[in-house]
Amino acid sequence: NGQNSNGNAVSRLYDGNTISRWYSKYTITETTPELTIDVDASGLECINYFKYIPVTTADGKNLWGRWGEIDLYYTVDGTETKYGSYDFKQKGTDQVVEFEPALPNTVSQFRIVINSAAPYELSGKTYTNVASAAEIGFYQYNPESFKALDYFTDWSLSEIREGVTFEQISKIQDPFYRSLAAQQFLGTYDR
């Protein structure tokens, strides 16, 4: 699913290029119908998170189609299960949903249901049933990599998670993350 408009093919959602864009088909309607994107997950190993990268422009004016409320489903052995509902608040920043615990390699498909997105206005008409994305993906953490959300409250890395100790911070192997976390813990981080 995930119908496209004006040559913006669904394949642009996962082409590794955040300059290319996908837009759903759109019409003038009174309500925002559900828009769905089905993603084949066969062949993926352990799946730790989903990432949505919205369409952005240098001037920040191209806000339409940015996702608001979504539902995320996965299918194992032919049974679809709702993982959760999320509100990305039509923000222009990358949004991440972490799977805790990680989803197994038996997931065959993901379904993203976009329930709301920022409207598109053109020539006095409002298009309310349009969604856009620069890129989406389902990913696995590198087992050797630093897991930022074990130490920070979110992906901005601007606030240390409650309960994290200085002893834990001192064991972070990456010097950049260790320094950033230590400065925040000690109150010397310049925001």
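Two strands count as paired here if DSSP finds at least two bridges between them. In this predicted model, strand 4 (residues 69–76) and strand 7 (residues 107–114) run antiparallel and are joined by 7 bridges. One spot to look at along that pairing is Tyr73, whose bridge partner in strand 7 is Arg111.

Strands 4 and 7 belong to an open sheet of 4 strands, ordered 2-7-4-5, with antiparallel pairing. The edges go to strand 2 (35–40) and strand 5 (79–87); each has a single partner strand, so one side of each is left without a neighbour in the sheet. Going from one strand to the next, the twist in this sheet averages 20°.

There is also an open sheet of 3 strands, again with antiparallel pairing, and its order reads 6-3-11. Strand 6 (95–103) and strand 11 (135–139) are the edge strands here, each pairing on one side only. The twist in this one averages 10° from one strand to the next. Strand 3 (residues 47–53) pairs with strand 11 in the antiparallel sense, over 5 bridges. Within that pairing, Phe50 sits opposite Phe138 of strand 11.

Now for the rings. Phe50 and Phe138 turn up again in one aromatic cluster, along with Tyr74, Tyr83, Phe99 and Phe110. The structure as a whole holds 12 aromatic pairs. One of the pairs in the model brings together Phe166 and Phe185, with 5.6 Å from centre to centre and 45° between the planes, which makes it tilted. The tilted label follows because planes under 30 degrees apart would count as stacked and those over 60 as edge-to-face.

The Phe166–Phe185 pair links distant parts of the chain, the two residues being 19 residues apart. Phe166 lies in helix 1 (residues 166–170), while Phe185 lies in helix 2 (residues 175–186).

How buried or exposed are the two partners? For Phe166, the relative accessible area comes to 38%, so this ring residue is partly exposed. Phe185 has a relative accessible area of 37% and is likewise partly exposed. Those labels apply because buried means under 20% relative accessible area and exposed means over 50%, with partly exposed in between.

Terms used. Residues are numbered from 1 along each chain as its sequence is written. This is a predicted model: local features need pLDDT of at least 70, side-chain atom pairs count only at pLDDT 80 or more; totals for chains, interfaces and linings use all residues. Side-chain values use heavy atoms; hydrogens and water are left out. Axes are lines fitted to C-alpha atoms, for helices over the stretch in contact, and angles run from 0 to 180 degrees between N-to-C directions. Rings of Phe, Tyr and Trp (its six-membered ring) pair if their centres lie within 6.5 Å; planes under 30 degrees apart count as stacked, over 60 as edge-to-face and the rest as tilted. Buried means under 20% relative accessible area, exposed over 50%, partly exposed in between (1.4 Å probe, protein chains only).
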